[in-house]
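Here's a quick tour of a protein model, written for someone who'd rather be at the bench. Have a look at the sequence and the fold before reading on.

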Amino acid sequence: MSRNAKINTLLLLVVAALAVLPLALGLGDHKEEPFTGADAEAETAITELQPDYEPWFSPLYEPPSGEIESALFALQAALGAGVLAYYFGLRRGRRQGAARAGAAGTEAAGTQGVPAAAEADTKTGTGTGTGTGTGTDAGPGTRTGSDSGAGAASGVRAVDGRDA
């Protein structure tokens, strides 16, 4: 079993223990509603400490039951998880698409088998260049186009991407 598999198994066991232990140990048995949310616990604590306390705000919508409130909360969490999953999936898809396009562009240019120095040979800048040269490429691909740079470019392009 690999190290990552062991860590994932251990984390899964910890999460399962966190879910089962409160039920198995009977935590919350002495309460009327044993597993209420933090909002209800805070409201109970405030009314015990200061019975005349009045909230500053009231909710815009008060669900008729706790089950509906839980369902709305679960729906909100699901929508949030869906938005996050869509965003991260979109980012990953764009990154993979760019990598595939780069690989397809390299293959279409006929640079398979050519050293890395030839693949990384791109010149950009201001001005125009005119290429005059002689010779042919004897490699697996062909070289077409012209160089553009800060000055005029002329000469013979060798198969390995160096100017001869």
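What follows covers the overall layout, the helix at the start, the main pocket and a pair of rings.

## Overall layout

First things first: this is a predicted model. The protein has 4 helices and 0 strands, so along the sequence you simply read α-α-α-α.

How much of the protein counts as buried? Just 6% of its 164 residues do, with buried meaning under 20% relative accessible area.

## The opening helix

Helix α1 covers residues 3–24, which makes 22 residues. Does its length add up, or what should we expect of its span? At 1.5 Å a residue, α1 should span 32 Å, and the C-alpha atoms at its ends sit 31 Å apart, so the two figures agree.

There's a bend along the way, though: α1 has a kink of about 30 degrees at Leu-18. That spot comes shortly before a proline, Pro-22. Just after α1 ends, Gly-26 takes a positive phi of about 75 degrees.

## The largest pocket

Rolling a probe the size of a water molecule over the atoms shows where empty space is left. In this model, the largest pocket holds about 760 Å³ of space. Two elements give two or more residues to its lining: α2 (38–49) and α3 (66–108). The largest share comes from α2, with 8 residues.

In total, 23 residues line the largest pocket. Gly-37, Asp-39, Ala-40, Glu-43 and Glu-69 lie nearest its centre. As for chemistry, the lining is a mix of 9 nonpolar, 6 polar and 8 charged residues.

## A pair of rings

The structure holds 1 aromatic pair, made by Tyr-87 and Phe-88. Their ring centres are 5.3 Å apart and the planes meet at 65 degrees. That makes the pair edge-to-face, because the angle is over 60 degrees.

Are these two residues buried or exposed? Somewhere in between: Tyr-87 is partly exposed at 43% relative accessibility, and Phe-88 is partly exposed too, with a relative accessible area of 47%. Both values fall between the 20% and 50% cut-offs.

Note on methods
Residues are numbered from 1 along each chain as its sequence is written. This is a predicted model: local features need pLDDT of at least 70, side-chain atom pairs count only at pLDDT 80 or more; totals for chains, interfaces and linings use all residues. Side-chain values use heavy atoms; hydrogens and water are left out. On a 1 Å grid over the protein atoms alone, a cavity is a set of points where a 1.4 Å probe fits but cannot get out, and a pocket is an open set with protein on both sides within 12 Å along at least five of seven lines; lining residues have an atom within 4 Å of a point. Grid points are joined across faces, edges and corners, and a volume is the space filled by probe spheres set on the points. Ala, Val, Leu, Ile, Met, Phe, Trp, Tyr, Cys and Pro count as nonpolar, Asp, Glu, Lys and Arg as charged, and the others, Gly among them, as polar. The expected span of a helix is 1.5 Å times one less than its number of residues. The bend at a residue is the angle between axes fitted to the seven residues ending there and the seven starting there. Rings of Phe, Tyr and Trp (its six-membered ring) pair if their centres lie within 6.5 Å; planes under 30 degrees apart count as stacked, over 60 as edge-to-face and the rest as tilted. Buried means under 20% relative accessible area, exposed over 50%, partly exposed in between (1.4 Å probe, protein chains only).
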